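Trainee: Could you take one part of this model and walk me through it closely? I'd like to hear how it packs, how its charges pair up and how far I can trust it.

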Amino acid sequence: MSEVDKISALGNAAIERSRGRRRPIGTKSVALRRQHLYRKLGRMLIAGGVVLLGAALFGALIQPLGFTGLLALVVLLVGVAVLFGKWPPFPEPRQADLPKADLKQLAGRTEIWLEAQRPALPAPARQLVDGIGVQLDLLAPQLQTLDASSPAATNIRKLVGEDLPELVAGYQRIPAGLRTEAHAGRTPDETLVGGLKMLEREIGDAARSLAAGELDKLATRERYLQLKYEGLEREDG
């Protein structure tokens, strides 16, 4: 490969990474971020209203604000807008948070976590992550009414909140230079893609089972992941 080709390949890879950075993979992650934004806007309006009310009372009961007072009021309102525009920041979920997430928000928070990991994954895996986002969107409505203490909920927590994040995190723990080297017949890249395909199918099956009311079938089936990250753990070790 010539130097021009190498530079072109690096440029294309950088463009691909920039396109994939924080791109939503589902609607539930967008909804959670929108809810957070609306709450911040609400606090901003309340704080701004308190400032204006205080200024009005000061001007009516003590003394008129005058030019200096109006200028100070504008500066104070801008400060309030900046403060509440940045605070509080959106609570980005960590891997350890997902198994304990509120069941109603599990799909959306898992999507947000996957969006942050997506740029570091190989291209085939990024496409599968997009597909998992679609399956999580299908699953999310069923989780709104599912009993959090039911066996079905426990099964889904393990699948979505534990197995899926651990597969992705386990891959990322492997040094980048070893991810394309075969071990036990498969490279870590291939192991990741195979695991994501299986998880995408499992999440879709769970969504369909819940939609059909087949809670017993979902709770009792013993279809554990055959992969179980063995290849990744060996490479990581």
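Mentor: Sure, and let's begin with a term: contact means heavy atoms within 4.5 Å. Helices are DSSP runs of H or I with at least four residues (strands are E runs of at least two), numbered from the N terminus. This is a predicted model, so local features need pLDDT of at least 70 and side-chain atom pairs count only at pLDDT 80 or more, while totals for chains, interfaces and linings use all residues. Residues are numbered from 1 along each chain as its sequence is written, and side-chain values use heavy atoms, with hydrogens and water left out.

Let's go with helix 2. It has 35 residues and spans 51 Å from its first C-alpha to its last, close to the expected 51 Å (1.5 Å times one less than the number of residues). Ser29, Leu32, His36, Lys40, Ala47, Gly48, Val51 and Ala55 are its buried residues, where buried is under 20% relative accessible area, exposed is over 50% and partly exposed lies in between (1.4 Å probe, protein chains only). What do the buried residues pack against? Helix 3 and helix 4.

Now for charges: Arg33, which sits in helix 2, is partly exposed at 28% relative accessible area. Arg33 makes a salt bridge (a side-chain nitrogen of Lys or Arg within 4 Å of a carboxyl oxygen of Asp or Glu) with Glu92, the closest N and O atoms being 3.2 Å apart. Because Glu92 belongs to the loop between helix 3 (66-86) and helix 4, this pair ties together parts 59 residues apart in sequence. Glu92 is also partly exposed, at 38%. That loop holds Pro88 too, and the peptide bond from Trp87 to Pro88 is cis, with omega near -10°. For context, most peptide bonds are trans.

Arg33 turns up again when you look at Glu115, in helix 4 (residues 106-117). Glu115 is buried but has no salt bridge, and Arg33, the nearest side chain of opposite charge, is 4.4 Å away. (Lys and Arg count as positive, Asp and Glu as negative; His and the chain ends aren't counted.) What the Glu115 side chain does reach is the backbone nitrogen of Ile25, at 3.0 Å.

Just ahead of helix 2, Arg23 forms a salt bridge with Asp130, N to O at 2.9 Å. Arg23 is in the loop between helix 1 (3-20) and helix 2 (27-61), and Asp130 is in helix 5 (residues 123-143), so the pair ties together parts 107 residues apart in sequence. Arg23 is partly exposed, at 33%. Arg23, Arg118 and Asp130 are linked in a network of salt bridges, and the structure holds 7 salt bridges.

As for trust, pLDDT is the predictor's confidence in each residue, from 0 to 100. The protein averages 83, with 81% of the residues at 70 or above. Confidence is highest in helix 4, at a mean of 96, and lowest in helix 1, at 44. Residues 1-20 stay under 50 throughout, and the model gives them 5 contacts beyond four places in sequence. Residues 219-223 are below 50 as well, with 7 contacts beyond near neighbours in sequence. Where pLDDT is low, the predicted coordinates shouldn't be read in detail.

Definitions and conventions: Polar contact = N/O pair within 3.5 Å; in protein donor to acceptor, adjacent residues only side chain to side chain.
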